Amino acid sequence: MNGKAPMRGEERPVRASDWLVRLLDAPGDTGLQRRFDAWLAADQDHRRDWEEIVQTYALMGQVLPVPAGSPARSAAVHGLRPRRRIRMAAAGLALAAGIALAVLPGWLPGHLADQSTGTAETRQIALADGSRMDLAPHSAVDIIIDATGRRIHLIQGRAYFDVAPDPARPFVVSAGRATVTVHGTGFEVAETRQGVSVAVHHGRVEVTGGPEPRLLGAGDRLIVAADGHLAQDGLRPDEVAAWTEGQLIVRDQPVTRVVDALRPYAREMILLTDDGLARQPLTGIYDLRRPRAALDAIAAAQGARVIEVTPWILLLSKKI
């Protein structure tokens, strides 16, 4: 309610993100506005944090929740260094892309798929032929298992398969332009920005979709790009589909790919707008069951910080 006085014992905001939430919740509360202006003037670090929050909020096309004449508005608008003003347009494009990546998986038409998962949801499914399928968050598949064959179509996301042997019915998984054929093995198929990734935990698989078929064994990983280009590398077999054990294992990967892998497990929207930070290499093991802690660890490894724009939006940003 506008003009509402704080309740006795109500916790006073201490961070810029806390103030933003309070100001959004009570835009006409003049007492709240005075207390906020005092907080802003009390410390240069407060002013710096507020600049970061408001810039991100403005880049999302939102209106600053403070009066035009408030010190808070001038701190965020007139106090910007010229170089940062110039960078805001490019940052806005990156931010829009980040929002799209974070929001679009929620639009997945799961009701049209035979099996699907939501945010932070994994699912283990026993298939009719005795095989097992694990779905990662934001994933969806269609399943056809009958007397003539066993066929899975990965619509989105990633899945791990432990296939029951059946020489008369090869197990076939399709995703993008890649097709994986096996009889009995354990392997992962995932849709990534680079293309369809196939990694083998045990056994052997045949992958088609590029210039020639490829046979993969334990520890092999192949990425089939949209144009048919093939890129193959290796990893330890026990690292294949480590997400089924709640782990994200990263070896010399750019921060942007690690954040991509973390997003489906986080309830908050995770945004990354700094190109330099996005390209930095990262190695580590992160707990997918605690995505905020994982993001904090990523920030610490890169000398960056996690800014809570609102309780639902996190920004991974370089320290000023």
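User: A salt bridge is a side-chain nitrogen of Lys or Arg within 4 Å of a carboxyl oxygen of Asp or Glu. To how many salt bridges does the count come by this rule?

Analyst: The structure is a predicted model. The protein has 320 residues, with 8 helices and 19 strands. Under the rule just stated, the number of salt bridges is 17.

User: How many residues apart in sequence are the parts tied together by aspartate 162 and arginine 132?

Analyst: The side chains of aspartate 162 and arginine 132 form a salt bridge, with 4.0 Å from N to O. Aspartate 162 belongs to strand 6 (residues 158–162) and arginine 132 to strand 3 (residues 132–135), so the parts joined by the pair have a sequence separation of 30 residues.

User: Are aspartate 162 and arginine 132 buried, partly exposed or exposed?

Analyst: Residues between 20% and 50% relative accessible area fall in the middle class. Aspartate 162 has a value of 27%. Arginine 132 has 29%. Aspartate 162 is therefore partly exposed, and arginine 132 also counts as partly exposed.

User: Which residue forms a salt bridge with glutamate 212?

Analyst: Glutamate 212 is partly exposed at 34% relative accessible area. Its partner is partly exposed as well, at 24%. The N to O distance is 3.2 Å, and the partner is arginine 214.

User: Which residues are linked with Arg236 in a network of salt bridges?

Analyst: Arginine 236, partly exposed at 48% relative accessibility, meets aspartate 238 in a salt bridge of 2.8 Å from N to O. That pair is part of a network. The residues linked with Arg236 there are Asp238, Glu239 and Arg251.

User: Which strands stand at the edges of the open sheet with the order 16-19-18?

Analyst: This sheet has 3 strands and mixed pairing. An edge strand here has a single partner strand, so one of its sides is left without a neighbour in the sheet. The edge strands are strand 16 (269–272) and strand 18 (304–310).

User: By what angle are neighbouring strands of this sheet turned against each other on average?

Analyst: The strands in question follow the order 16-19-18. With direction ignored, the average turn between neighbours is 25°.

User: Which residue of strand 19 is the bridge partner of isoleucine 270?

Analyst: Strand 16 and strand 19 (residues 313–318) run parallel and are joined by 4 bridges. Opposite isoleucine 270, the partner in strand 19 is leucine 314.

User: Which strands does helix 8 touch where it packs on the sheet?

Analyst: Helix 6 (residues 255–262) lies across strand 16 and strand 19, at about 170° to strand 16. Helix 8 (residues 291–301) also packs on the sheet, and its direction makes about 140° with that of strand 18. The strands touched by helix 8 are strand 16, strand 18 and strand 19.

User: Are helix 6 and helix 8 roughly parallel or roughly antiparallel to each other?

Analyst: The axes of helix 6 and helix 8 come within 11 Å and cross at roughly 175°. Angles over 145 degrees set the class here. Helix 6 and helix 8 are therefore roughly antiparallel.

User: How many nonpolar residues does the contact of helix 6 with helix 8 have?

Analyst: From helix 6, the contact involves Val255, Val258 and Leu262. They meet Pro291, Ala294, Leu295 and Ile298 of helix 8. No polar and no charged residues take part, and the number of nonpolar residues is 7.

User: How many of the 6 residues of strand 9 are buried?

Analyst: Buried means under 20% relative accessible area. In the protein, 44% of the residues count as buried. Strand 9 (residues 186–191) is mostly covered, and its number of buried residues is 5.

User: Which residue of strand 10 is the bridge partner of valine 189?

Analyst: Strand 9 runs antiparallel to strand 6, with 5 bridges between them, and valine 189 is the bridge partner of alanine 159. Strand 9 also runs antiparallel to strand 10 (residues 196–202), joined by 6 bridges. In strand 10, the partner of valine 189 is valine 198.

User: Which residue in the turn between strand 9 and strand 10 has a positive phi?

Analyst: Strand 9 and strand 10 form a hairpin with 4 residues between them. Next to the turn, glutamate 191 stands opposite valine 196. The phi asked about is about 145°, and the residue is glycine 195.

User: Which residue of strand 13 stands opposite alanine 199?

Analyst: Strand 10 is mostly covered, with 5 of its 7 residues buried. It runs antiparallel to strand 13 (residues 220–224), with 4 bridges between the two. Opposite alanine 199 stands arginine 221.

Key. Residues are numbered from 1 along each chain as its sequence is written. This is a predicted model: local features need pLDDT of at least 70, side-chain atom pairs count only at pLDDT 80 or more; totals for chains, interfaces and linings use all residues. Side-chain values use heavy atoms; hydrogens and water are left out. Buried means under 20% relative accessible area, exposed over 50%, partly exposed in between (1.4 Å probe, protein chains only). Two strands pair if DSSP finds at least two bridges between them. Axes are lines fitted to C-alpha atoms, for helices over the stretch in contact, and angles run from 0 to 180 degrees between N-to-C directions. Contact means heavy atoms within 4.5 Å. Angles under 35 degrees count as roughly parallel, over 145 as roughly antiparallel, 65 to 115 as roughly perpendicular and the rest as oblique. Ala, Val, Leu, Ile, Met, Phe, Trp, Tyr, Cys and Pro count as nonpolar, Asp, Glu, Lys and Arg as charged, and the others, Gly among them, as polar.
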